[in-house]
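Got the viewer open? Load the structure below and we'll walk through it one selection at a time.

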Amino acid sequence: MLEIDEYASGLGWDQPARLFALVDTAKLRTQEPGLAAQLGLDQGDAAAPLTPIEQDEIPAGQALDEFLGTIAWPDAVVGCALTVERLMLPPSAETSVPEGLNDKQLAKWVAKHPDRQEVRMTVAVLRDGARDSAVRLREKDSPTEVLTGAGLVPGLAEALSATFAD
């Protein structure tokens, strides 16, 4: 997960969401030695146990939750991860949210709020239910300032886990 966060960080901000399949590195070496070599995974046991493989770009204009609902992973994929940028408000701002706003109006209101924070969230889930996440604030864009934890972005983790449901 942190490897994916670091990769996304290297691309800079204002990027589209990115989806990754997570595959077992040892099986990848055995079943796809050419691909493993191309990815630099043929260097012995130094590689991580899971290898992220970036998927095609998420279609522009399609809601992320709708897109995730269309995904079905093959058995070789043991997990998936997603990076996405969003605006967030501190909990103290919840009491000032105007009532009756639709999603578009709410997004506009948040974008103009003086306490908004731009964040990049990276969430990874495995078929077995394990999950982890990282949140990076744009104003503190440093590898040492990344918040990590399994429960930081529960809604996104649930949506990614649902892509493995039968």
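**Strands first**

Select arginine 120 and look across to β5: its bridge partner there is arginine 136. Before going on, note that this is a predicted model, where local features need pLDDT of at least 70, side-chain atom pairs count only at pLDDT 80 or more, and totals for chains, interfaces and linings use all residues. Residues are numbered from 1 along each chain as its sequence is written, and side-chain values use heavy atoms, with hydrogens and water left out.

Now show β4 and β5 (residues 131-137) whole: they pair in the antiparallel sense over seven bridges. Strands here are DSSP E runs of at least two residues, helices H or I runs of at least four, both numbered from the N terminus; pairing takes at least two DSSP bridges. Four residues sit between the strands of this hairpin, and glycine 129 has a positive phi near 100°.

Add β3, which runs antiparallel to β4 with 10 bridges. Glutamate 85 is opposite arginine 120. Seven of the 10 residues of β4 are buried (under 20% relative accessible area, 1.4 Å probe, protein chains only), so β4 is largely enclosed by the rest of the structure.

**Into the core**

Next, pick Leu19, Trp73, Leu82, Leu156 and Leu160, the residues with the most contacts inside the largest nonpolar core, which has 27 residues. Such a core joins buried Ala, Val, Leu, Ile, Met, Phe, Trp, Tyr and Cys through side-chain atoms within 4.5 Å. Elements supplying at least two residues each include β1 (18-24) and α6 (154-162).

Last stop: a second, separate core of five residues, among them Ile4 and Phe20.

Conventions: Buried means under 20% relative accessible area, exposed over 50%, partly exposed in between (1.4 Å probe, protein chains only).
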